[in-house]
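User: Before I use this model, I would like to see how its labels follow from the values behind them. Could you take me through the reasoning step by step?

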Amino acid sequence: MEHRVEEEARRMVEVFTKTKGKPFDPSLPITNSVCNMICTVAFGSQFSIEDKEFLELIEAIRISLEFGGSFFHGKEIDGVLDPSQTICYQDRKKMPFTHAVIHEILRTKYVLLFGIPRQCAKDVEMHGFLIPKGAFIAPDLRSVLFDPEHWETPHKFNPYHFLDQEGNFVTREAFLPFGAGARSCVGEQMARIELFIFLTSLLRAFTFHLPKGVKKLNQEPIVGLTMHPRSYKICAVPRFSAP
Ligand code: HEM
């Protein structure tokens, strides 16, 4: 699977390169790559970015979710990987800062409004409260991801939440974006591999900046069943000239 993510990352870099540093909305190529990974695993095939059915599917998902959305320099990446080297998931161990940034993105820009609803299989007593058999539960994972007792700056983007004094990566008990227990996210590993390889591939290949005249992006999400980003444009300027 990791090999497929690497291939997809290369395709994404090609699509970004074709924009020649001009303003463009990166959400469609990113969504296409993420969907392709799931389709490869589920059906063994994938959609082209121009495929009419794919575009209709994305629009349908966007509408249904709406009704129910960084910039950091590539210095650490440059220090570890040369421009032609393939990026693999194992490289995260040599890039604690990048790894910490990805964790902090997953925490502060958490995509789900609430976790997958579950039904209680038997009577359970928790902290003196009875949760009866049959009760529906919608876990609020934000309550732990933004808990002031667990995070130094709960609402502020701060990669140092995941780094110790020496700059080593540290895991945190309250980092539960994929849920916990027997029914936690089955796609966790795939999501982690994609996030790392896609992000490092793009940051290694491009410098990102806002289009001329744009001072700031509106980071307020569109709230639906997910927290969806508003549409935006950025410029991806290649960092290395083509061989
Ligand atoms: C950043 C990306 C993702 C996040 C934050 C996420 C989060 C979650 C959460 C919170 C749950 C509920 C866990 C619980 O109830 O304890 C879940 C379940 C699930 N996720 Fe994900 N997920 C992500 C990516 C994916 C991907 C890429 C796939 C598929 C390839 C996937 C497939 C599933 C499935 C099938 C379940 C249901 C598991 C079950 O009921 O046993 N997820 N996910």
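User: How do you know that the span of helix 7 agrees with its number of residues?

Analyst: This is a predicted model, and in it helix 7 has 18 residues, which at 1.5 Å a residue should span 26 Å. The expected span is 1.5 Å times one less than the number of residues, and because the end C-alpha atoms of helix 7 are 26 Å apart, the two values agree.

User: What makes helix 7 largely enclosed by the rest of the structure?

Analyst: A residue is buried when its relative accessible area is under 20%. In helix 7, 13 of the 18 residues are buried, so the helix is largely enclosed by the rest of the structure. Helix 7 also gives the most to the largest nonpolar core, with eight residues.

User: Which residues of that core touch the most other members?

Analyst: The largest nonpolar core has 25 residues, and those that touch the most other members are F16, F196, L202, F206 and F208. At least two residues of this core are supplied by each of helix 1 (2–17), helix 7 and strand 5 (206–209).

User: Which residues line the largest cavity, and how do they divide into nonpolar, polar and charged?

Analyst: The lining of the largest cavity, whose volume is about 50 Å³, consists of Y89, H99, I102, H103, L106, R192, L195 and F196. Helix 5 (96–108) and helix 7 are the elements that give two or more residues to this lining, and the largest share, four residues, comes from helix 5. The lining residues divide into five nonpolar, two polar and one charged.

User: Why is C185 called a donor of the iron atom of the ligand?

Analyst: The SG atom of C185 is at 2.3 Å from the iron, and the cut-off for a donor N, O or S atom is 2.8 Å, so C185 qualifies as a donor. C185 is the only protein donor of this iron atom, and its place is in the loop between helix 6 (142–145) and helix 7 (188–205).

User: Why are K20 and H127 called exposed?

Analyst: Exposed means a relative accessible area over 50%. K20 has 66%, so it is exposed, and H127, at 76%, counts as exposed as well.

User: What phi values do K20 and H127 have, and where are these residues found?

Analyst: Most residues other than glycine have a negative phi. K20, in the loop between helix 1 and helix 2 (27–43), has a positive phi of about 50° although it is not a glycine. H127, in the loop between strand 2 (124–126) and strand 3 (129–131), is likewise not a glycine and has a positive phi of about 45°.

How values were computed
Residues numbered from 1 in each chain as written. Predicted model: local features only at pLDDT ≥ 70, side-chain atom pairs only at ≥ 80, totals over all residues. Heavy atoms only, no water. Donors = N, O, S within 2.8 Å, 3.2 Å for Na, K, Ca; no water. 1 Å grid on protein atoms, 1.4 Å probe; cavity = no way out; pocket = protein on both sides within 12 Å on 5 of 7 lines; lining within 4 Å. Points joined across faces, edges and corners; volume = space filled by probe spheres on them. Nonpolar A, V, L, I, M, F, W, Y, C, P; charged D, E, K, R; others polar. Buried < 20%, exposed > 50% of the residue type's maximum accessible area, 1.4 Å probe, protein only. Core = buried A, V, L, I, M, F, W, Y, C linked by side-chain atoms within 4.5 Å.
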